[in-house]
Amino acid sequence: MDGKMDMSSLDFLTDEVDDITLSQVCESIETEHHVFEGLQNLSFCDDSNAGNADSFLMDFDCGDIMTLMDCDVQKSEMKENTASRFGPVVNDDELRNLIEGQENRNTKYNTKWALNVFEKWREQREGGVIELHLMDATTMNHWLERFIVEARKKDGSEYPPKSLYLILCGLLRHLRQRGVYDKNFLDEKETFFIGMRNVLDAKMKSLIDRGVGCEIRQADPIWPEDEEKLWQEGVFGKENSEQLQHTLFFYSCKLFGLRACDEH
């Protein structure tokens, strides 16, 4: 044999291959070709996405990442500090107790005294007068005019002008405590209460003309003989702390003209 294949022996294969077989082979080759192209496109897309991801990551360095982490930590710390920096929730009673606790004791007593005088007068009217804080402006002006003229002490005598004015001031504070802020009957700008203020002015002038509450209280003077006697009897001196206290108090009043206790 010379090593050459006799192709004539394969002729029978060519003869037996029909058109159907050839079409199936071509269809298989075409399918494989489409699959191969799809894989190439997929790899190209992955490469492009990877490039975009690399470029995206290159825009953020380590410093930027640490800054973002620090911001998250600071936000969480701010939330914790906000939750812990304020006190517990208060109610209306606690707010009212806080305000009343800081009110002057004398002012509180004056308000209570003024309201008590008004309530006693209101009871004497046998239910014809409603509570002060429930009145409208017209009704309040009507009844306050009559209260100013009819108010009396327990012994039946009239109140001095200053006491009468203090009673009205106490009633006004009572209204504020009850949440009534639109009825300031002592304010000259409040036109609803012009009648009441005119009655108050006339009543106070009438009391002054009759000398009610105009008495001047004056202490008896201490003569030089009385002062010498105090020294002789040991009320004044420097032998003990009590004598020093009496002496200091007396000469402070004498030399500096101090009179009332609030001036010392």
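This passage walks through the predicted model of a single chain, from its overall layout to its core, its helix contacts and one of its loops.

The overall layout is a friendly place to start. The chain contains 10 helices and 0 strands, and reading along the sequence gives the pattern α-α-α-α-α-α-α-α-α-α. Of the 264 residues in the chain, 19% are buried. Contacts can also be sorted by how far they reach along the sequence: among those between residues at least 6 apart, 52% join residues at least 24 apart.

The interior comes next. In soluble globular proteins, nonpolar side chains tend to be buried together. In this model, the largest nonpolar core has 28 residues, and the ones with the most contacts inside it are F118, L132, M140, L144, F147, L171 and F185. Two or more residues of this core come from each of the elements α5 (105-124), α6 (137-150), α7 (161-177) and α8 (194-209). F118 makes a handy landmark for exploring this region. Setting aside neighbours within four places in sequence, F118 is in contact with L132, M135, L144, F147 and L171.

With F118 as a guide, the packing of α5 against two other helices can be followed. The axes of α5 and α6 come within 11 Å and cross at roughly 100 degrees. An angle from 65 to 115 degrees counts as roughly perpendicular, so α5 and α6 are roughly perpendicular to each other. On the α5 side, V117, F118 and W121 take part, and they meet W143, L144, R146, F147 and E150 in α6. By class, the residues of the contact of α5 with α6 divide into 6 nonpolar, no polar and 2 charged.

The contact of α5 with α7 can be described in a similar way. The axes of these two helices, α5 and α7, come within 8 Å and cross at roughly 100 degrees, and they are therefore roughly perpendicular to each other. From α5, the contact is made by T107, N110, T111, W113, A114, L115, V117 and F118, while α7 contributes S163, L166, I167, G170, L171, R173, H174 and Q177. This contact of α5 with α7 has 8 nonpolar, 7 polar and 1 charged residues.

Aromatic rings add another layer to the picture, and the structure holds 11 aromatic pairs. One of them is formed by F118 and F147, whose rings are edge-to-face, with 5.3 Å centre to centre and 65 degrees between the planes. This pair links distant parts of the chain, as F118 sits in helix α5 and F147 in helix α6, 29 residues apart. Both F118 and F147 are buried. W231 and F236 also form an edge-to-face pair, with 5.7 Å centre to centre and 75 degrees between the planes. The two partners of this second pair can be told apart by their accessibility. W231 counts as partly exposed because its relative accessibility is 37%, whereas F236, at 5%, counts as buried. Returning to F118, ring pairs link F118, W121, W143 and F147 into a cluster.

Finally, a loop deserves a look. V212 lies in the loop between α8 and α9 (224-232). Although V212 and Y159 are 53 residues apart along the chain, their C-alpha atoms are separated by 7.8 Å. Not counting residues up to four places away in sequence, V212 touches E158, Y159, P160, P161 and L207.

Notes. Residues numbered from 1 in each chain as written. Predicted model: local features only at pLDDT ≥ 70, side-chain atom pairs only at ≥ 80, totals over all residues. Heavy atoms only, no water. Core = buried A, V, L, I, M, F, W, Y, C linked by side-chain atoms within 4.5 Å. Buried < 20%, exposed > 50% of the residue type's maximum accessible area, 1.4 Å probe, protein only. Helix = DSSP H or I, 4+ residues; strand = E, 2+ residues; numbered from the N terminus. Contact = heavy atoms within 4.5 Å. Axes fitted to C-alpha atoms, helices over the stretch in contact; angles between N-to-C directions. Parallel < 35°, antiparallel > 145°, perpendicular 65-115°, else oblique. Nonpolar A, V, L, I, M, F, W, Y, C, P; charged D, E, K, R; others polar. Phe/Tyr/Trp six-rings, centres within 6.5 Å; stacked < 30°, edge-to-face > 60°.
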